[in-house]
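I opened this entry to record what I looked up in one protein model. I began with the whole chain and then went to a few local spots.

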Amino acid sequence: MPARRNLFPGSNTCYGYHSFYEYLATADCRRKLIIKGGPGTGKSSLMKKVGEHFLARGAAIEYHWCSSDPQSLDGLVVRGKNGFCLLDGTAPHVTDPSCPGAYDEVVNMGSFWNGAALRRGRGEIEELTGDIGGCFSHAYLRLQEAHAAVLQYVLYIKEAIDEAKLLPPLRIMAEDYLSACPTGTGIQRHLFAAAVGPEGVIHHMDTVCDAATPVFAVRGATGTGPQLLFDMVLQQSEWRGIALEVFHCPFDPRYIDAVLAPGGPLLLNLSPLAADYESRLIKPRYERWLDLDSLLSPARLATARRPAEAAWERCGQSLFEATELLAAARQKHDALEAYYTAAMDFERMNMATDHLLAELDDFWREK
């Protein structure tokens with residue numbers, strides 16, 4: 001695995017905000033720090049400081065970015081014998097301790113703000129909070145429109161599928177991939193390698209695994225069979241005891257874009273719904289390649305091509321409009337942050353951060 005991985009624990013999807021926060025903490029995490037506080041109070045900055053510190057110590061780090069602000073962190077995982085994680089425990093991914101003190105604990109950034117100053121700005125804060133919620137509501141409606149167009153597209157494409165030709169190569173590919181995976185716990189960890197946000201669809205698939213990782217690649221228009229392949233792999237991996245990291249589509253999390261067996265190969269969809277993973281991969285080591293588009297009936301595809309392309313264009317337009325609304329939400333969120341930032345005692349917060357960092361450093365080094 002790379003020393004630094006960039007992932008997303010959630011995304012803005014056609015069903016609203018979808019979170020895989022319960023999978024953020026890895027099996028080697030012995031502590032979970034849940035950070036509470038308003039926007040602009042330093043939650044992300046704290047996680048970045050911790051990440052930089054332990055990256056310099058040689059630890060493997062997972063940075064879990066916010067889908068609605070890709071420069072801000074929602075979580076951080078420090079791997080190791082005494083691994084731990086930090087995460088933003090505020091909406092829309094509210095998290096509270098399940099085993100207080102013994103495993104998870106709250107870090108309260110509200111301890112460092114001036115409540116009187118915030119109360120003076122309550123009217124503006126409530127108005128901005130409402131405006132942000134409105135932007136997200138409209139964005140999710142646009143994403144629903146895009147989803148309806150995708151469903152139409154899939155119906156047209158399925159008319160060109162010859163199922164008798166489709167299933168045998170999928171079964172062979174699934175078996176070849178699973179045979180190359182190390183056996184272990186059979187546990188699945190679900191995340192996003194991409195997210196729909198104010199800058200469009202962004203991804204970090206190039207940090208999910210290192211360049212030496214064998215890649216089993218499948219190419220095929222949505223609806224032609226890549227998801228059937230992933231379904232086969234996930235189902236069989238459980239009873240074979242193969243642990244997998246499952247990376248979902250950031251637009252429609254029912255779809256899977258990739259699976260990775262830690263210490264083993266990557267199975268990657270090169271024709272996903274939303275993210276262009278292939279363009280960011282640096283000299284991937286392709287072990288196997290399956291092109292499902294070649295199995296489509298040319299005659300049927302010719303009939304379906306025009307309405308399918310029109311549906312795909314509608315999807316793209318709705319997706320673009322959704323990202324514009326998410327960008328508007330981020331602008332208002334920046335204005336909201338300003339109220340909290342102005343009310344913070346960062347000198348006192350930085351002293352507490354240094355104390356926490358020293359404590360975590362001792363914990364991570366424990367024998």
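My notes below go from the overall chain to single residues.

**Whole chain.** I was working with a predicted model. I counted elements first and found seven helices and 16 strands in the protein chain. I then looked up the radius of gyration, which is 22 Å. The globule rule gives 21 Å for 367 residues, so I noted the chain as being as compact as a globular protein of that length. Along the principal axes, the C-alpha atoms fill a box of roughly 70 × 50 × 35 Å.

**Burial and contacts.** I checked how much of the chain is covered: 53% of the 367 residues are buried. For contacts I took residue pairs at least 6 apart in sequence, and 81% of these contacts join residues at least 24 apart.

**Surface and charge.** The exposed area of the protein chain came to about 16500 Å². Carbon and sulfur atoms supply 53% of that area. I also looked up the charges, 36 positive and 46 negative, and found their mean positions 3 Å apart.

**Helix 5.** I picked helix 5, residues 226-240, for a closer look. Its 15 residues reach 21 Å from the first C-alpha to the last, close to the 21 Å expected at 1.5 Å a residue. Which residues of helix 5 are buried? I listed P226, Q227, L229, F230, M232, V233, L234 and S237. What do these buried residues pack against? I found one helix partner, helix 4 (163-179), and several strands: strand 9 (188-191), strand 12 (214-219), strand 13 (244-248), strand 14 (256-260) and strand 15 (266-269). I then stepped past the end of helix 5 to G241, where phi is positive, near 75 degrees.

**D345.** I located D345 in the loop between helix 6 (298-342) and helix 7 (346-365). Is D345 buried or partly exposed? Its relative accessibility is 32%, and since buried means under 20% and exposed over 50%, D345 counts as partly exposed. I also looked up its separation from S111: the two residues are 234 apart along the chain, and their C-alpha atoms are separated by 9.1 Å.

**P92.** My last stop was the loop between strand 7 (83-88) and strand 8 (104-108), where P92 lies. I checked omega for the peptide bond from A91 to P92, found a value near 10 degrees, and wrote the bond down as cis.

Notes:
Residues numbered from 1 in each chain as written. Predicted model: local features only at pLDDT ≥ 70, side-chain atom pairs only at ≥ 80, totals over all residues. Heavy atoms only, no water. Helix = DSSP H or I, 4+ residues; strand = E, 2+ residues; numbered from the N terminus. Rg over C-alpha atoms; globule rule 2.2 N^0.38 Å. Buried < 20%, exposed > 50% of the residue type's maximum accessible area, 1.4 Å probe, protein only. Contact = heavy atoms within 4.5 Å. Areas by Shrake-Rupley, 256 points an atom, 1.4 Å probe, with all protein chains shown as cover. Lys, Arg positive; Asp, Glu negative; His and termini not counted. Charge placed at Lys NZ, Arg CZ, Asp CG, Glu CD. Expected span 1.5 Å × (residues − 1).
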